[in-house]
Amino acid sequence: MDKNKMLEIQSLVRDCGQIMLNANRESILIDSKAGSANFVTEYDKKVQDALKKGLKQILPEAVFLGEEGIENTFSNKGMYLIVDPIDGTTNFIKDYHTSCISVGIINDGIKAAGVVYNPYLNEMYYAIKGEGAYLNDKRIHVSDEPLSNGIVLFGTSPYYEELNEKSFEMAFDYFKKALDIRRSGSAAIDLCSIAAGRAEVYFELRLSPWDYAAGSLIVEEAGGIVTTVEGGELCFDKTCSVLARNK
Ligand code: IPD
Ligand code: CA
Ligand code: CA
């Protein structure tokens, strides 16, 4: 992944962050999606449209796969842009200020680059495979803390009711072993928090590729480990669980 292209992607993503920050909060159009408490707003679609248009110019050879309206299927051949226009839509609807834009680039089945931008804190996380992970141009690393001195982040897999109980059982188990637990409402921000050494473990029992395509590379490039909860490799053609940790 070319450094100039990475800069162009960051500039595009930063501009798209303005769409989130400038949203007219008096009247946000909200639709329901499949599963429980799963929403999409007009801004998820606006950000996705802007990313699709801009990324087409930066990486014309790449296939675009965005959460809102999937037009293509993933394959291990070629370059794919796996995009979550707003990760943390429920937070966005509530004006909770914990949402981000996530763009992952997968080349021939291998994570090549990732950008996660939280416009509320103006935090731009990015990584290019083999070149380390960065937050606003400063190199970041996972922490060295043991679980007993750690914070554990988790996601509730809110759209899959059948996973609710197990999610909270696992969270309770971690709560007993760690300092405390947190639930932010954005999987991509959670992954970046592990990468930045702000927390030690993150897990969620079912996520979609756009939730982790970028953040998982950022964790790995910061020295962390990302697998499924069972210890397998993450995949980009279907949902899976995610476990990210410092060491
Ligand atoms: C969701 C968020 C949330 C996680 C869900 C995701 P969305 O993404 O990342 O933290 O718990 O599993 O689906 O729907 O807001 O893009
Ligand atoms: Ca998401
Ligand atoms: Ca989303």
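# A guided reading of the predicted model

Helix α5, which spans residues 187–195, is mostly covered, for nine of its nine residues are buried. The model discussed here is a predicted one. The buried residues of α5 are A187, A188, I189, D190, L191, C192, S193, I194 and A195. Just after α5, G197 adopts a positive phi of about 75°.

A partner of this covered helix is α6. Helix α6 comprises residues 209–221, and α5 packs with α6 at an angle of about 0°, their axes lying 8 Å apart. The two helices are therefore roughly parallel, since angles under 35 degrees are counted in that way. On the side of α5, the contact is made by A187, A188, L191, C192, I194 and A195; on the side of α6, by D211, Y212, G215, S216, I218 and V219. Divided by class, the residues of this contact are nine nonpolar, two polar and one charged.

The residue D211, which belongs to the contact surface of α6 with α5, also leads to a metal site. The calcium ion written as ligand 2 has as its protein donors D84 (OD), D87 (OD) and D211 (OD), which lie 2.1 to 2.3 Å from the ion. Along the chain, these donors follow the spacing D-x2-D-x123-D. D84 is buried, with a relative accessible area of 1%, and D87 likewise counts as buried, at 6% relative accessibility.

D84 also connects this site with a second one. The residue bridges the calcium ion (ligand 2) and the calcium ion (ligand 3), and the two ions lie 3.7 Å apart. The calcium ion (ligand 3) is coordinated at 2.2 to 2.3 Å by E67 (OE), D84 (OD) and I86 (O). In sequence, the donor residues of the calcium ion (ligand 3) are spaced E-x16-D-x1-I. I86 is buried, with a relative accessible area of 1%.

E67, one of the donors to ligand 3, is placed in the loop between β3 (63–66) and β4 (79–87). At 15% relative accessibility, E67 counts as buried, because the limit for that class is under 20%. When neighbours within four places in sequence are set aside, E67 is in contact with K33, Q48, V83, D84, P85, I86 and W210. Two members of that list, D84 and I86, are also donors to the calcium ion (ligand 3).

The account now returns to α5 by way of a strand residue. I140 is found in strand β9, which covers residues 138–140. I140 is buried, with a relative accessible area of 8%. Apart from neighbours within four places in sequence, I140 is in contact with Y125, A133, Y134, L135, A195, A196, I218 and A222. Among these partners, A195 belongs to α5 and I218 to α6, and both take part in the contact between the two helices. I140 and K3 are 137 residues apart along the chain, and their C-alpha atoms are separated by 18 Å.

A further pair of helices is formed by α1 and α2. Helix α1 (residues 3–21) and helix α2 (residues 42–58) pack at an angle of about 160°, with a distance of 10 Å between their axes. At that angle α1 is roughly antiparallel to α2, because angles over 145 degrees fall in this class. The crossing in which α1 passes α2 is right-handed. From α1, the residues K5, E8, I9, L12, V13, C16, I19 and M20 meet Y43, K46, V47, A50, L51, G54, L55 and I58 of α2. By class, this contact has twelve nonpolar, one polar and three charged residues.

Two loop residues complete the description of the backbone. H97 has a phi near 60°, a positive value in a residue other than glycine. H97 is located in the loop between α3 (89–94) and β5 (100–107), and at 43% relative accessibility it counts as partly exposed. N136 also is not a glycine, yet has a positive phi of about 45°. N136 lies in the loop between β8 (133–135) and β9, and counts as partly exposed at 36% relative accessibility.

Key: Residues are numbered from 1 along each chain as its sequence is written. Chains are lettered from A and ligands numbered from 1 in the order in which they are written. This is a predicted model: local features need pLDDT of at least 70, side-chain atom pairs count only at pLDDT 80 or more; totals for chains, interfaces and linings use all residues. Side-chain values use heavy atoms; hydrogens and water are left out. Axes are lines fitted to C-alpha atoms, for helices over the stretch in contact, and angles run from 0 to 180 degrees between N-to-C directions. Helices (H or I, at least four residues) and strands (E, at least two) are DSSP runs, numbered from the N terminus. Angles under 35 degrees count as roughly parallel, over 145 as roughly antiparallel, 65 to 115 as roughly perpendicular and the rest as oblique. A crossing is left-handed if the near helix is turned anticlockwise from the far one by less than a right angle, and right-handed if clockwise. Contact means heavy atoms within 4.5 Å. Ala, Val, Leu, Ile, Met, Phe, Trp, Tyr, Cys and Pro count as nonpolar, Asp, Glu, Lys and Arg as charged, and the others, Gly among them, as polar. Buried means under 20% relative accessible area, exposed over 50%, partly exposed in between (1.4 Å probe, protein chains only). Donors are N, O and S atoms within 2.8 Å of the metal (3.2 Å for Na, K and Ca); water is not among the atoms, so sites may look incomplete.
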